[in-house]
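Student: Could we go through the helix packing and the core of this model together?

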Amino acid sequence: MGKKNITGISTITLHTANHDNDNYSHTTPIYATSTFTFDSAEQGMERFKGEDKTRLYTRWGNPTFTAAEKTIEALEARGLTNESGAPLEVKALLHSSGQAAMSTLFFSNLSAGDTLISHYSLYGGSQELMQKVLHEAGVKVILIDIHDEALLLETIKANPTTQLIHLETPANPTLQCVDIEAICKIAHAHGIKVSVDNTVATPYLQQPFALGADFVFHSATKFLNGHGSALNGVLLGKDLEFMHTKVWKWHVLLGGNSNAFDAYLLIQGMKTLELRMEKHCSNAEKVAHFLQQHPAIAKVNYTGFTTHPHHTIAKKQMKQHAPLISFELKGGIEAGKKFIDAVEVCTRAVSLGTVDTLVSHPASMTHMSIPKTEREKYGITDGLIRMSVGIENIEDLEADLAQALEKSI
Ligand SMILES: *Cc1c(COP(=O)(O)O)cnc(C)c1O
């Protein structure tokens, strides 16, 4: 993958996309154009016939998108081989957002009469896309406790129309993890494909293709971009033929293409992915331990703790523990609101994966419209605070948390 035989994450993100242009630009140019010119009718015809349709019309592809796609392909396929021992090749398609990439994933794999199996505690937009849009399109959507292997097998047997199992691991906000390898084995034994939402882990922590996944999905809006400066989504697949034909066609027809400026911001952001993730992860570990011993806190959800129900799964498939934490304040919803109001360094915002620490209060924000009894089933209690740990200096983060917790009591 890429032009050089390189395997290190930073080397990949610094060198895959650059210098590949006629004008010797050091950084990837922003190709702000809707269409591309031809020298002759003959050349136009050749480009339409070819596999590479990135110099025709931007909804079909654009060189700035290609640069981002090549980088993410190299990251996700890093060090992996295919069945014949050759380096694994995967195909990425850049989209305007995670939701757009997920729409392409679902609509190119599922049609009316088919079944999709997924699990609880998904990103809200993913669950709504399944239960509203796919449901209305005639796809049967089944959400189960996917850790229960007998239940999964029973569900597959009862639904022979199952085409896809979609996993999200680790999942927001309680960091539930799913054993990707175990689910892929069961799925493949029944001719079912598996897609994995790798947004929270990023290829720095976890490579779903190494564990058997057929598709990998990212909201590149989060850690891949890293700075909260643009939305993007990416869908990767290892069946190249399928990716270049049906998936590409559905992507183009659904119209969820990115734009050159946001693709450029993603490319720039990814250059520091490894450096950022190292710091995000080490800060998260320190913050989790700091919170754990605080008297105002009832519980900390962090996969690095042996008490987390999915600690073992997380350890098995991720290089380190993800830099996302949630914690429950003893004082419930009022304490949650007071804490959010009191932070001075942490940023009050939803989303995740930005260089600065983001805090949100699901019960009064992202999950406000979900009935209390329903959200509590997924562990979203009144006093739960979600924290995407940033790369600030740890002493400032801890001091801010200490003063805000004091005020929340
Ligand atoms: C944000 C997010 C999405 C949706 O991505 P957008 O870029 O907001 O469309 C999907 N899955 C996860 C885990 C996310 O965090």
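Tutor: Here are short questions and answers on one helix pair and the core around it. This is a predicted model, where local features need pLDDT of at least 70, side-chain atom pairs count only at pLDDT 80 or more, and totals for chains, interfaces and linings use all residues. Residues are numbered from 1 along each chain as its sequence is written, and side-chain values use heavy atoms, without hydrogens and water.

Student: At what angle do H3 and H10 cross?
Tutor: H3 spans residues 63-76 and H10 spans 260-270. Helices here are DSSP runs (H or I, at least four residues), strands likewise (E, at least two). Axes are lines fitted to C-alpha atoms over the stretch in contact, with angles from 0 to 180 degrees between N-to-C directions. The two axes come within 8 Å and cross at roughly 35°.

Student: How many residues of the contact of H3 with H10 are charged?
Tutor: Contact means heavy atoms within 4.5 Å. Asp, Glu, Lys and Arg count as charged; Ala, Val, Leu, Ile, Met, Phe, Trp, Tyr, Cys and Pro as nonpolar; the others, Gly among them, as polar. The contact has 11 nonpolar residues, two polar and no charged.

Student: Which element gives the most to the largest nonpolar core?
Tutor: A nonpolar core joins buried (under 20% relative accessible area, 1.4 Å probe, protein chains only) Ala, Val, Leu, Ile, Met, Phe, Trp, Tyr and Cys residues through side-chain atoms within 4.5 Å. This one has 41 residues; Ile-72 and Leu-266 are among those touching the most other members. The top contributor, with six residues, is H3.

Student: Where does this core lie?
Tutor: Domain bounds come from an automatic or database domain assignment. Both domains give residues to the core, so it lies between domain 1 (9-270) and domain 2 (274-408).

Technical notes: Buried means under 20% relative accessible area, exposed over 50%, partly exposed in between (1.4 Å probe, protein chains only).
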